[in-house]
Structures are given as structure tokens and as C-alpha cells.
Amino acid sequence: MTHLFNIFRGLDADNHRVTSPEDPDYNCLGWVLGDKSRFWWPADGNYWPADLPRIAALETFDLLLSRQGYVRCPDGALESDFSKVVAYGHIRRHPKHFARQLSNGLWTSKLGKLEDIEHELEALTSAYGRELVFWRCRVGS
């Protein structure tokens with residue numbers, strides 16, 4: 001686990017916990033979408049729906065997430081009837097990472113090909129950038 005502290009400088013013993021071991025078969029977007037069998041990203045060599053642009057821009061991810069019932073929302077505040085997703089990035093229109101909110105208000109992330117973690121929202125900003133956009137989907141839709 002100390003290797004995560006070296007890679008993700010914002011992580012510490014108090015703001016996250018590892019929830020599953022390393023697995024190269026899926027990434028953060030696959031994790032958010034509930035697919036642990038594929039590495040989702042709009043770049044060559046990764047899984048991506050054929051009818052969506054292969055451009056890692058917010059507009060593309062809006063299209064993808066809308067297929068799952070998600071719409072943009074103002075923040076990551078916990079809402080009992082909604083599942084939320086956040087995109088992190090250094091450049092406004094180009095996300096680097098995605099996380100999903102848990103029912104306890106914390107967030108869950110797959111760190112590339114590394115572990116899955118449960119974490120505070122701000123714990124990954126030093127590695128992935130600030131929170132760019134939040135989406136929500138009514139639970140059970």
C-alpha cells in the first residue's frame with residue numbers, strides 16, 4: 001500500500017482505504033460503469049463504443065454517461081436517491097479520472113491498473129487534478 005502514497009501524493013492513512021487488489025483488466029471508467037472486464041477509454045487499444053467519438057473530452061463522457069441515466073449536477077453532495085460520478089482533471093475539458101460516490105458519502109475509484117480504493121473526494125486531486133464535473137442518476141432507474 002505504501003506504493004500508492006508514492007504515486008498519489010494526496011493519499012494518506014486517514015483519507016482512503018484499499019478495497020480490492022491490483023487488476024489490469026479494468027480502469028476507473030469501467031469501475032464507474034460497473035464493468036470489471038474491460039479498460040474503457042476513448043483511445044486506440046481500449047474498449048469504447050463504436051458510435052461515440054474517440055476524444056477524451058467532457059462532451060464525449062456526457063454522451064457515454066447519459067446512456068446510463070446520468071445528467072450533470074452542481075456538486076458531489078450526498079443525495080440518498082442518487083448515484084453520483086465525478087470527473088477529475090487538470091485541463092477543464094479533458095478528464096483524467098472518474099470516481100463514483102458510495103452510499104456513505106465517500107467515493108470509490110480504480111487507480112489505473114492498480115487497486116480500487118474508497119476515499120474522500122479531495123484525496124486524488126494532487127494526482128488527477130480538481131473535480132471538473134459531477135453527474136447523478138436516480139437510484140433504480
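User: Happy to start with the sheet. In what sense do E4 and E5 pair, and over how many bridges?

Analyst: In this predicted model, E4 and E5 run as an antiparallel pair. The count of bridges between E4 and E5 is two.

User: Which residue in E5 is the bridge partner of Gln-101, and which residue in the hairpin of E4 and E5 takes a positive phi?

Analyst: Gln-101 has its bridge partner in E5, and that partner is Trp-107. The hairpin of E4 and E5 has five residues between the strands. The residue there with a positive phi, near 90 degrees, is Gly-105.

User: Let's stay with E5. How many bridges join E5 to E6, and which residue of E6 stands opposite Ser-109?

Analyst: E5 and E6 (residues 116–119) pair in the antiparallel sense, over four bridges. They form a hairpin with five residues between them, and Gly-112 in the turn has a positive phi of about 60 degrees. Opposite Ser-109, in E6, stands Ile-117.

User: Which residues of E5 point the other way from Trp-107 and Ser-109?

Analyst: In a regular strand, side chains alternate between the two faces of the sheet. In E5 (residues 107–110), Trp-107 and Ser-109 point one way, and all the residues on both sides are buried. Those pointing the other way are Thr-108 and Lys-110.

User: Now for a histidine. Is His-97 buried or exposed, and which side chain makes a polar contact with the side chain of His-97?

Analyst: His-97 is placed in strand E4. Its relative accessibility is 1%, so His-97 counts as buried. Its contacts beyond four places in sequence include Cys-28, Tyr-88, Leu-124 and Tyr-128. The polar contact, at 2.9 Å, joins the side chain of His-97 to that of Ser-109.

User: Why does Asn-27 count as buried, and which backbone oxygen lies 2.6 Å from a polar atom of the side chain of Asn-27?

Analyst: Asn-27 sits in the loop between strand E1 (16–20) and H2. Asn-27 counts as buried because its relative accessible area is 3%, and the cut-off is under 20%. A polar atom of its side chain lies 3.1 Å from the backbone nitrogen of Gly-30. The backbone oxygen at 2.6 Å belongs to Trp-40.

User: Nice, that brings us to the aromatics. What is the angle between the planes of Trp-40 and Trp-48?

Analyst: The whole structure holds ten aromatic pairs. Trp-40 and Trp-48 form one that is edge-to-face, 6.4 Å centre to centre, and both residues are buried. Ring pairs link these two with Trp-41, Tyr-47, Phe-61, Phe-98 and Trp-135 into a cluster. The angle between the planes of Trp-40 and Trp-48 is 80 degrees.

User: Over which ring does the charged end of Arg-100 sit, and which residue lies over the face of Phe-82?

Analyst: The charged end of Arg-100 is 5.4 Å from a ring centre, and that ring is the one of Trp-31. The face of Phe-82 has a residue over it at 4.0 Å from the ring centre: Arg-136.

User: Last one, on H3. What arc do its buried residues cover around the axis?

Analyst: Helix H3 (residues 58–66) has Leu-58, Thr-60, Phe-61, Leu-64 and Leu-65 as its buried residues. They are on the same side of H3 because of the narrow range of directions around the axis, an arc of only 155 degrees.

Definitions and conventions:
Residues are numbered from 1 along each chain as its sequence is written. This is a predicted model: local features need pLDDT of at least 70, side-chain atom pairs count only at pLDDT 80 or more; totals for chains, interfaces and linings use all residues. Side-chain values use heavy atoms; hydrogens and water are left out. Buried means under 20% relative accessible area, exposed over 50%, partly exposed in between (1.4 Å probe, protein chains only). The arc is that of the directions from the helix axis to the C-beta atoms. Two strands pair if DSSP finds at least two bridges between them. A polar contact is a pair of N or O atoms within 3.5 Å; within protein, one must be able to donate a hydrogen and the other to accept it, and residues adjacent in sequence count only if both atoms are side-chain atoms. Rings of Phe, Tyr and Trp (its six-membered ring) pair if their centres lie within 6.5 Å; planes under 30 degrees apart count as stacked, over 60 as edge-to-face and the rest as tilted. A charge sits over a ring if NZ of Lys or CZ of Arg is within 6 Å of the ring centre and within 35 degrees of the ring normal. Contact means heavy atoms within 4.5 Å.
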